[in-house]
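Biologist: I am new to reading models like this one. Please choose one part of it and take me through that part slowly.

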Amino acid sequence: MFDQFTVVTDPVGDSVALSAIFAVLPLLTLFVLLGVLKVKAWLAGVISLAVALIVAIAVYAMPIGQAVLSATEGAAFGFFPILWIVINAIWVYNLTVESGHFDVLRRSFERVSPDMRIQAIIIAFCFGALLEALAGFGTPVAITVVMLMALGFRPIHAASVSLLANTAPVAFGALATPIVTLASVSSGANPDPRLTVDTLGAMVGRQTPILAVVVPLMLVALVDGRRGIRQTWPAALVAGVSFGLAQFVAANYISVPLTDIVAALVSAAAVVLLVRVWRPVTPADLGREPEAAAVPAARGAVDAELAGSGRVGAAAGTRSDTTSTAAPGLGGSGGQTPPGDPRIDQTVSTGRHRGDDLESRPTDQARAATASGRRIADTPAEIGRAYAPYLIIIAIFSVANLGAVKTALAKEPWTVKFAWPGLDILGGNGKPLSSVTFTLNWLPAAGTLMILAGILTALVLRVSAGRALRAYGRTYVELRYAIVTVMAVLALAYVMNQSGQTNTLGAFLAAAGGAFVFLSAILGWIGVAVTGSDTSANALFGALQVQTAARAGLDPLLLAAANSSGGVLGKMISPQNLAIAAGAVGMAGREGEIFRKVFGWSLVLLLFMCVLVALQASPVLSWMVP
């Protein structure tokens, strides 16, 4: 049962082509269940894992014990460090909602500019990138889309803007979880020493920043057409260029996990400074002040994305009082369709109160102000507390990534490496696979650092220990389906990689030769479009990319990075993300309308990425590859 296993690439008739028919079955099962049959993601992941195990045992002659142990190692990696990051990052966000300081943060954004195109850049692009950096997995779309609705955007525009903005930061989302996953699966499939988190992050940081330059321009075009570009291009360029430069510098010279946090804050600061000295010409139909405060309607968004439920529920741990009022009709100009909508959802979170929880909080003040019809004026102290969690995270991760500290934490007892018990697999070269070694970096792991940030956040935001613990428990409940999904997908990836199924697909695709370099980004795009997650797409295709690169004589680092960079462009068209956006704006069942709004943008950006990767593989831009 636990006999040693040696990876074979062509178990069916000594033919790679025939073997590939069976090797592709787990992926085909996953894609059909998710994309065609609309099965919930956690169930699709479990069924596809079962198919992978059957193929490994029946076709590749992998001993049952080795196949099961391979799946357990993948599931364990799915929880630590992957889910460990996501769960604790979302807990920190939940603390800001629990204390009412998320409302303060949103109102501070509103006051920067009354121009809705500038608001789209600041909220959807800059703040959405910050949320992607901390939590990912659909959180930015669920939150920014409701904030945009509260500022007067039509539902279809709010959803489209949020989806389009959620591109450039995705590869470094959830503290670079996709990169961590990519490094794990690719380094186990190719001996290239550059397939590490730092070098892969650096390579992705030389691709996605170029996207970042054009995304804000696309946002204002989506909001207000050519007029938007003509009148607000300085702000769009400042946001894109500053984000791209900061993303490049952070990914290559500061910290891969901190990349999007640094880029988001730098970009937001640059736009805020710009609008202090420059204001766009704001047409009347784009200058309406927000009618009411609003907070995210959904923390269940992560469940909606990863579980594929297609609906967004009320935030666990919050109670929302929602009314609807009529807003003035907005007239367009020059054939433009104004972003305003006759109905605006006015939502004010009341938080979860206990009988002995009597302190006055920013949310309580917001409710009183809204009831009296007056504008809410937050004190500098409350604004400072609203931004404090993000500053705390930056400080903690900066210290942990200092050379001496990082080196010390990478050693025992803070980091322990061990062979997965009972797992005995040899590669085609007769040597043990590197992926059978599990790294338990329990202290320097990003998720552990997020727990420390959460404790400090609770102190700063004056959230009692009891409320913080209850919020932590609720976070696990909210993510229960996401936990099953991620662990199943990672188990699937490990079984495919360690049984030889990925090797077979890599050998088959290598027949495309040098042309595969153009297709590599498309493979990542398809993976994210179906699974809704760059992390999942990297887990599924990371090993395949580097194995194909080795056989086709291409650079494995470039193709692995292309999988992640191309994948970010599939995020806006994934059924899960579309369901989150549609549910958040009250368009459940009308995802097709949103899809048609963003599909063209996705294709244009994907073509751009394919050309960029092809040029980086050629002498023209080969100097960009580390």
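**A pocket and one of its helices**

Modeller: Let's start with the second largest pocket, which holds about 540 Å³ of space. Keep in mind that this is a predicted model, where local features need pLDDT of at least 70 and side-chain atom pairs count only at pLDDT 80 or more, while totals for chains, interfaces and linings use all residues. Residues are numbered from 1 along each chain as its sequence is written, and side-chain values use heavy atoms, with hydrogens and water left out.

A pocket here is an open set of points on a 1 Å grid over the protein atoms alone, where a 1.4 Å probe fits and protein lies on both sides within 12 Å along at least five of seven lines. Its volume is the space filled by probe spheres set on the points, which are joined across faces, edges and corners.

Now look at the walls. The pocket is lined by 26 residues (each with an atom within 4 Å of a point), and those nearest its centre are Gly188, Ala189, Asn190, Pro191 and Leu433. Two or more lining residues come from each of helix 9, helix 19 (480-499) and helix 22 (534-552); helices are DSSP runs of H or I, at least four residues long, numbered from the N terminus. Helix 22 gives the largest share, 4 residues. By class, the lining has 10 nonpolar, 14 polar and 2 charged residues. Here Ala, Val, Leu, Ile, Met, Phe, Trp, Tyr, Cys and Pro are nonpolar, Asp, Glu, Lys and Arg charged, and the others, Gly among them, polar.

Next, follow helix 19 itself. Its 20 residues reach 29 Å from first C-alpha to last, close to the 28 Å expected (1.5 Å times one less than the number of residues). Just after helix 19 comes glycine 500, with a positive phi near 110 degrees. In helix 19, 16 of the 20 residues are buried, meaning under 20% relative accessible area; over 50% is exposed and in between is partly exposed (1.4 Å probe, protein chains only).

The whole structure has 12 aromatic pairs: rings of Phe, Tyr and Trp (its six-membered ring) with centres within 6.5 Å, stacked if the planes are under 30 degrees apart, edge-to-face if over 60, and otherwise tilted. Phenylalanine 77 and tyrosine 494 make a tilted pair, 6.1 Å centre to centre with 40 degrees between the planes. This pair links helix 4, home of phenylalanine 77, to helix 19, home of tyrosine 494, across 417 residues. Tyrosine 494 has 5% relative accessibility, so it counts as buried, and so does phenylalanine 77 at 9%.
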